[in-house]
Amino acid sequence: QVQLVESGGGLVQAGGSLRLSCAASGRTFSGYFMGWFRQAPGKEREFVAGISWNSGSTYYADSVKGRFTISRDTAKNTVYLQMNSLKHEDTAVYYCAAAPGGIRYNSVARTKPPSYDYWGQGTQVTVST
């Protein structure tokens, strides 16, 4: 059974940092595209960052460019999201997700939740002012 398990969320002051982890099990994600999404109360789930498992190519939402970094450790089957210079508006539940690798080439599809086959349970990130 495929599982994505997020960890690393918590409460942090504005300007601080957190690193989220997404441990994948149940299958190899070689050839897949891994994404981080977030959902704040009353808002739709939005794309944050994505990475091609094989090539390591990365993609970011404009709102996090220069502050967040996505990476993966293929040996550990884990994807990370390093979040620096956190702002109050980054407060949300953060989800890890996996999609077929081809969406890497579609700048719209890779930002849409229905494109993803597997999801984690989410981890809460709260940024205080």
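Biologist: How many of the 9 residues of strand 9 are buried?

Modeller: In this predicted model, strand 9 is largely enclosed by the rest of the structure. That description rests on a count of buried residues along the strand, which comes to 8 of the 9.

Biologist: Which strand is joined to strand 9 by 8 bridges?

Modeller: Strand 9 has several antiparallel pairings, one of them with strand 11 over 3 bridges, where A92 stands opposite V125. Another is with strand 10, residues 118–119, through 2 bridges, and there A97 stands opposite W119. The pairing with 8 bridges is also antiparallel, and within it Y32 stands opposite P100 of strand 9; the partner strand is strand 4.

Biologist: Which residue forms a disulfide with C22?

Modeller: A search of the whole structure finds 1 disulfide, and a disulfide is in general a covalent bond between the sulfur atoms of two cysteines. C22 lies in strand 3 and its partner in strand 9, so the pair ties together parts that are 74 residues apart in sequence. The two sulfur atoms are 2.1 Å apart, and the partner is C96.

Biologist: Is the disulfide of C22 and C96 left-handed or right-handed?

Modeller: Both cysteines are buried, C22 at 1% relative accessibility and C96 with a relative accessible area of 1%. The handedness follows from the torsion about the S-S bond, which is about -75 degrees, so the disulfide is left-handed.

Biologist: Which residues of the largest nonpolar core touch the most other members?

Modeller: In soluble globular proteins, nonpolar side chains tend to be buried together. Here the largest nonpolar core has 29 residues, and the elements that give two or more residues to this core include strand 3 (18–25), strand 4 (32–39), strand 8 (78–83) and strand 9 (92–100). A second, separate core of 9 residues includes F37, F47, Y59 and A109. Within the largest core, the residues that touch the most other members are M34, W36, L81, M83 and Y94.

Biologist: Leaving aside neighbours within four places in sequence, which residues is M34 in contact with?

Modeller: M34 is one of the residues that touch the most other members of the largest core, and its contacts beyond the local stretch include the disulfide cysteine C96, which is itself buried. With neighbours within four places in sequence left aside, the full list is L4, F29, A49, G50, I51, W53, I70, V79, C96, A97 and A98.

Biologist: Is R38 buried or exposed?

Modeller: R38 lies in strand 4, and its side chain is joined to that of E46 by a polar contact of 2.6 Å and to that of Y94 by a polar contact of 3.0 Å. Leaving aside neighbours within four places in sequence, R38 is also in contact with residues including S63, F68, E89 and D90. Its relative accessibility is 6%, below the 20% limit used for burial, and R38 therefore counts as buried.

Biologist: With which side chain does the side chain of S52 make a polar contact?

Modeller: S52 lies in strand 5 and is buried, with a relative accessible area of 8%. Beyond its neighbours within four places in sequence, S52 is in contact with Y32, F33, S57, R72 and R104. The polar contact of its side chain has a distance of 3.1 Å, and the partner is the side chain of S55.

Biologist: What separates the C-alpha atoms of G16 and S85?

Modeller: G16 is found in the loop between strand 2 (10–13) and strand 3, and G16 is buried, with a relative accessible area of 18%. Not counting residues up to four places away in sequence, G16 touches M83, N84, S85 and L86. Although G16 and S85 are 69 residues apart along the chain, their C-alpha atoms are separated by 5.5 Å.

Biologist: Which strands stand at the edges of the open sheet formed by 4 strands?

Modeller: The sheet has the order 1-3-8-7 with antiparallel pairing, and the twist averages 15 degrees from one strand to the next. Strand 7 is joined to strand 8 by 6 bridges, and F68 stands opposite M83 in strand 8. Each edge strand has a single partner, so one side of each is left without a neighbour in the sheet; these are strand 1 (3–7) and strand 7.

Technical notes. Residues are numbered from 1 along each chain as its sequence is written. This is a predicted model: local features need pLDDT of at least 70, side-chain atom pairs count only at pLDDT 80 or more; totals for chains, interfaces and linings use all residues. Side-chain values use heavy atoms; hydrogens and water are left out. A nonpolar core is a set of buried Ala, Val, Leu, Ile, Met, Phe, Trp, Tyr and Cys residues joined through side-chain atoms within 4.5 Å. Buried means under 20% relative accessible area, exposed over 50%, partly exposed in between (1.4 Å probe, protein chains only). Contact means heavy atoms within 4.5 Å. A disulfide is a pair of cysteine sulfur atoms within 2.5 Å. A polar contact is a pair of N or O atoms within 3.5 Å; within protein, one must be able to donate a hydrogen and the other to accept it, and residues adjacent in sequence count only if both atoms are side-chain atoms. Two strands pair if DSSP finds at least two bridges between them. Axes are lines fitted to C-alpha atoms, for helices over the stretch in contact, and angles run from 0 to 180 degrees between N-to-C directions.
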